[in-house]
Structures are given as structure tokens and as C-alpha cells.
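Colleague: I should like a close look at one part of this protein, namely its aromatic rings and the helices that carry them. Please also explain how each classification is reached, and what else may be noted in the rest of the chain.

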Amino acid sequence: MTHYIDGRWVDGAGADSIKVFDPALGEPFAELQAASAAQVDQAISAAREALPAWKGLDVARRAGYLRGFAEQLGLRREELIALQMRNNGKPRHEAEVDLDDAVATFAYYADLIEQQARKDPGVALAAPGFTARTRLEPVGVVGLIVPWNFPLVTSAWKLAPALAAGCTVVLKPSEITPLIEQSYGQIAETLGLPAGVLNIVVGKAETGIALSNHNGLDKLSFTGSNTVGSQVMRSASAQCRPVTLELGGKSAIVVFDDCDLDQAVEWIVAGICWNAGQMCSATSRLLIQDGIADALLARLAVALDSLRVGNPLTEDVDMGPLTSQGQWLKVAAYFAVAKEEGLTCLAGGQPLDRSGWFVSPTLYADVPAHSRLWVEEIFGPVLCSQRFSTEQEAIDLANDSRFGLVATVVSRDLQRAERVADALEVGHVWINSIQAVFVETSWGGTKGSGIGRELGPWGLSAYQSVKHVTRCLG
């Protein structure tokens with residue numbers, strides 16, 4: 001049984017058969033049948049029927065369910081970590097971070113809705129003779145489409161605030177990593193979550209199109225590629241329906257000449273090699289101040305060549321494989337483009353000659369701004385570098401992108417680092433840090449990196465509508 005619809009597990013009735021792969025071996029280990037368009041319709045109908053009771057449920061009881069999800073995820077810790085390692089190819093330490101992130105997200109939104117319920121909803125008015133109050137209401141039935149690079153995590157970022165707000169949901173995991181999200185359905189059963197509040201349908205394009213085009217949704221939240229995101233946005237515009245989009249990135253890490261070189265290398269490697277570079281937030285454009293460029297690049301090349309790349313289930317590794325054959329072929333194609341463009345490769349630059357979908361951590365130096373590798377999102381451990389002289393030049397180079405998701409600034413001069421952070425056209429900036437993501441802060445970008453925000457109170461407000469009630473006292 002693959003799909004969780006109206007509180008029951010059902011087999012898929014769609015046309016697509018989905019094979020689930022272990023990317024370290026390049027071999028399938030599970031197979032399932034996709035949901036049909038009719039089953040998507042059933043899931044949305046179930047969510048619609050469950051909506052009145054769920055949104056009317058006492059806030060304390062909704063918070064209790066959310067804490068139950070957090071607790072149950074923790075109880076399934078080893079099972080879910082192992083599945084992340086097998087289906088995504090994540091090293092154990094990365095899979096552990098993902099699990100902890102999901103747990104923290106459900107716990108945070110349980111606390112947040114209780115805090116919100118205790119606040120005074122009154123509105124101060126300048127005009128005498130009237131009172132006004134605010135109601136925050138759920139937007140309704142929402143569709144959640146999540147990607148393959150951070151399953152469990154991205155779904156928690158959407159599912160927890162949606163349920164907290166009083167919405168009912170239909171969740172569509174990626175067909176590449178469809179198994180781990182089924183744990184949410186299992187947890188719903190364990191907790192006795194009312195039928196129809198959470199529905200899970202798995203499938204390829206047919207299933208996603210049926211969900212995003214359905215007129216029974218009140219909102220859709222999508223994380224994935226810009227290509228698919230634009231299609232989702234067209235569907236939303238046809239329905240005049242609100243949408244949240246978390247899309248691609250081509251993020252910069254700006255390194256000034258007063259930095260500690262070894263520490264800078266650590267942050268640079270983490271920014272491009274975490275999850276084998278399969279992150280919308282990967283800092284894949286390295287900007288180095290002239291005075292340290294040669295020394296930093298030399299140390300960085302050694303660090304990348306020294307990374308242990310392998311099967312996380314059988315080896316002690318720093319980086320695992322790419323998650324799918326399609327992504328492996330895409331990254332390999334960029335290696336070929338780099339050769340055609342005559343780029344200077346200081347490390348890697350090729351797929352690894354072994355079973356599974358492995359590539360080498362890669363560094364290209366002095367990449368021109370017109371290069372496809374500098375401009376396009378690769379979604380792999382491929383780092384391109386340029387040099388800069390002045391602070392303003394660094395800002396201009398970093399902002400010269402159609403994306404605006406995140407950035408990192410490395411400098412001992414904290415006043416300069418803060419100035420640069422303020423000038424960067426992105427949704428999140430780290431200063432002298434790895435990409436530490438906290439549930440209390442927002443996630444989302446500017447420009448082509450999407451619309452809206454997740455996490456923090458902004459993530460909750462994405463699933464709430466605002467109503468004001470004004471009363472005349474006369």
C-alpha cells in the first residue's frame with residue numbers, strides 16, 4: 001500500500017510504475033504504482049470534507065498532534081536515517097541533521113500556534129465609537145509538492161505550519177524519494193489524526209499536474225526546479241490561487257583577504273559539497289579577493305581532492321553519490337561543457353569510475369561571467385571561482401544573477417561583513433558560518449529563487465488568511 005488517502009492506505013491506480021533506487025549502487029530496491037488523477041481527486045475531496053472539523057479544533061489539541069509528530073519521528077530515528085542514506089545517498093551525519101530538523105520543525109510550530117492563541121487580537125483604532133479585532137484563519141485545503149534532495153525536511157517545513165494553521169493537506173513527494181514521506185502517514189495512523197487531514201499521493205508528472213491543476217485546492221506550495229515552478233505558477237494564475245514557490249539558486253560565497261584561510265576552506269567546502277551539492281542554496285560561485293586568491297584556491301583544491309566519496313552504508317564518507325541517474329547525467333554534461341569552454345579545472349571535473357552515481361568534488365578557477373557553469377544552476381558539487389578587488393566589486397559580482405536565494409560572507413572585519421550582507425540581493429546571508437538553518441528564521445529568496453517564505457512565523461502566516469471584524473459601538 002503506497003498512498004494514504006482519507007485515513008486509509010491504498011494501492012496506486014496510475015499508469016506510471018516507479019522504481020526506487022539506491023544511488024550508491026545504481027540499483028532499484030523497491031517498486032510502486034503511482035496515484036491516478038482520480039485518486040488525487042479523492043485525496044482533495046477527503047481534505048475538503050475534513051477541513052471544517054480540523055480548523056475548528058482547539059489550538060491545544062492541534063498543537064498536541066504536532067508534538068506527536070515530533071515524538072514519533074524521534075522514535076523512528078534509526079529507521080528514517082537508514083532510509084535517507086539508502087535512497088538519497090546521504091552520509092550518516094547529514095541524514096541525522098535532516099531528522100533533527102524535521103523534529104524541531106513540528107515542535108516549533110506546536111509552540112508557535114499556542115503563543116499566537118494567547119495574544120490579544122484587538123486592533124487600536126484612531127476613530128472613536130468602533131472596535132476591531134483580528135482573526136487568523138486557515139487558507140483551506142493546500143497542496144504540498146516537495147523535492148527529492150531533502151525529503152522529510154522540506155515536507156516538515158510545509159506540513160507542520162499548514163496543520164498548525166488549521167489547513168488540511170495533500171502531500172506529493174518526489175517519485176525519486178517516495179518512501180520516507182510515507183512515515184508521515186504511518187505517524188498519522190499512530191496518533192489517530194482525523195481521516196482526511198493528511199493525504200499522501202505519490203507519482204510522476206501526471207500526479208503532479210493533477211494536483212497543481214485541481215480547482216479544489218485553496219493554495220499550493222511547491223519546492224523544486226524553476227522549470228516546473230513556472231508551470232505550477234501558471235496553474236495557480238489560472239485559478240487565481242495563492243502559491244508559495246521555493247526554486248533554484250546560484251549563490252555566492254564572498255571571501256575577503258583578512259580571513260583565516262583554513263577556516264574559509266571549511267566553509268566553502270561545506271557550502272558546495274553538503275548533500276553532494278544537491279541544494280538550491282549551494283554556494284556554487286566563489287568570489288575571492290585578489291590578495292589571497294592563489295593561496296586559497298591551492299588549499300581548496302587539496303581539500304576537495306581529499307574528501308572521502310563513497311557509499312554511506314558501507315564506508316566512512318564525507319560525500320555520497322548524486323541521488324538519481326538523471327542528475328548524474330546532468331552534472332556529467334556540465335563537465336563536458338567546461339572542457340568545451342576551456343575552463344581551468346583545479347580539482348575533480350569528472351564522474352567517478354565506479355558503480356553508482358558518483359562524481360568528483362570539482363573546482364574551476366577564473367570562470368568568465370558568460371560561462372554556462374557560472375550562470376546556470378548545476379545541482380552538484382561543482383564550484384566556480386572569480387576574483388575581485390574591492391568591496392563594491394564583490395557586491396556587484398554576487399548580485400549579478402537571476403537568482404537570489406542565499407549568500408555567505410567571510411571576513412574578520414565584521415562591520416564590512418554586515419555591510420556586504422545588507423547589500424546582497426538574497427533571502428538569507430551567513431557571516432563566517434556554515435549554512436546553519438534554524439526553524440525560527442525564514443527561508444526563501446528573491447528574483448528567480450521564488451515567492452514567499454517558509455519557516456519562522458512567516459512559514460505559519462503562509463497558510464493563514466487575515467480577517468478583521470469591525471463593530472460600531474453606537
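Modeller: The account below begins with the aromatic rings and then turns to a pocket and to some single residues.

The model is predicted. The count of aromatic pairs in it comes to 11. One of them joins Trp54 and Tyr65, whose ring centres are 5.6 Å apart. Their planes meet at 55°, so this pair is classed as tilted; an angle under 30 degrees would count as stacked and one over 60 as edge-to-face. The two partners come from distant parts of the chain, 11 residues apart: Trp54 belongs to helix H1 (residues 37-55), and Tyr65 to helix H2 (residues 59-75).

Are these two side chains buried or exposed? Trp54 has a relative accessible area of 2% and is therefore buried, because the limit for a buried residue is under 20%. Tyr65, at 15%, is buried as well.

Helix H2 also carries a partner of a second pair, Phe69. Phe69 and Phe106 are stacked, with 5.1 Å from centre to centre and 10° between the planes. This pair, too, links distant parts of the chain, since Phe106 lies in helix H4 (residues 92-117), 37 residues away from Phe69. Both phenylalanines are buried. They do not stand alone, for Tyr184 joins Phe69 and Phe106 in one aromatic cluster.

Rings may also be accompanied by a charge. The charged end of Arg86 is placed over the ring of Phe29, at 4.1 Å from the ring centre. In a second case, Lys219 has its charged end over the ring of Tyr463, and here the distance to the centre is 5.7 Å.

Helices H2 and H4 appear again in a pocket. In general, empty space is found by rolling a probe the size of a water molecule over the atoms. The second largest pocket of the model has a volume of about 590 Å³. Its lining is made up of 21 residues, and those nearest the centre of the pocket are Gln116, Ala117, Arg135, Leu136 and Glu137. The elements that give two or more residues to this lining are H2, H4, strand E6 (130-138) and helix H5 (153-165). Strand E6 provides the largest share, six residues. By class, the lining of the second largest pocket holds nine nonpolar, eight charged and four polar residues.

Some single residues elsewhere in the chain complete the account. An unreviewed UniProt entry carries the annotation "active site" at Glu246. In the model, Glu246 is part of strand E11 (residues 243-246). Its relative accessibility is 5%, so Glu246 counts as buried.

The backbone deserves attention at two further positions. Asp6, which is not a glycine, has a positive phi, near 55°. Asp6 is located in the loop between strand E1 (3-5) and strand E2 (8-10). With a relative accessibility of 32%, Asp6 is classed as partly exposed, because this class covers values from the 20% limit of buried residues up to the 50% limit of exposed ones. Leu455 likewise has a positive phi, of about 70°, without being a glycine. Leu455 is placed in the loop between strand E21 (450-451) and helix H15 (456-461). Its relative accessible area is 1%, and Leu455 is therefore buried.

Note on methods:
Residues are numbered from 1 along each chain as its sequence is written. This is a predicted model: local features need pLDDT of at least 70, side-chain atom pairs count only at pLDDT 80 or more; totals for chains, interfaces and linings use all residues. Side-chain values use heavy atoms; hydrogens and water are left out. Rings of Phe, Tyr and Trp (its six-membered ring) pair if their centres lie within 6.5 Å; planes under 30 degrees apart count as stacked, over 60 as edge-to-face and the rest as tilted. Helices (H or I, at least four residues) and strands (E, at least two) are DSSP runs, numbered from the N terminus. Buried means under 20% relative accessible area, exposed over 50%, partly exposed in between (1.4 Å probe, protein chains only). A charge sits over a ring if NZ of Lys or CZ of Arg is within 6 Å of the ring centre and within 35 degrees of the ring normal. On a 1 Å grid over the protein atoms alone, a cavity is a set of points where a 1.4 Å probe fits but cannot get out, and a pocket is an open set with protein on both sides within 12 Å along at least five of seven lines; lining residues have an atom within 4 Å of a point. Grid points are joined across faces, edges and corners, and a volume is the space filled by probe spheres set on the points. Ala, Val, Leu, Ile, Met, Phe, Trp, Tyr, Cys and Pro count as nonpolar, Asp, Glu, Lys and Arg as charged, and the others, Gly among them, as polar. UniProt positions are given in the numbering used here, feature names are shortened, and annotations may be inferred rather than shown by experiment.
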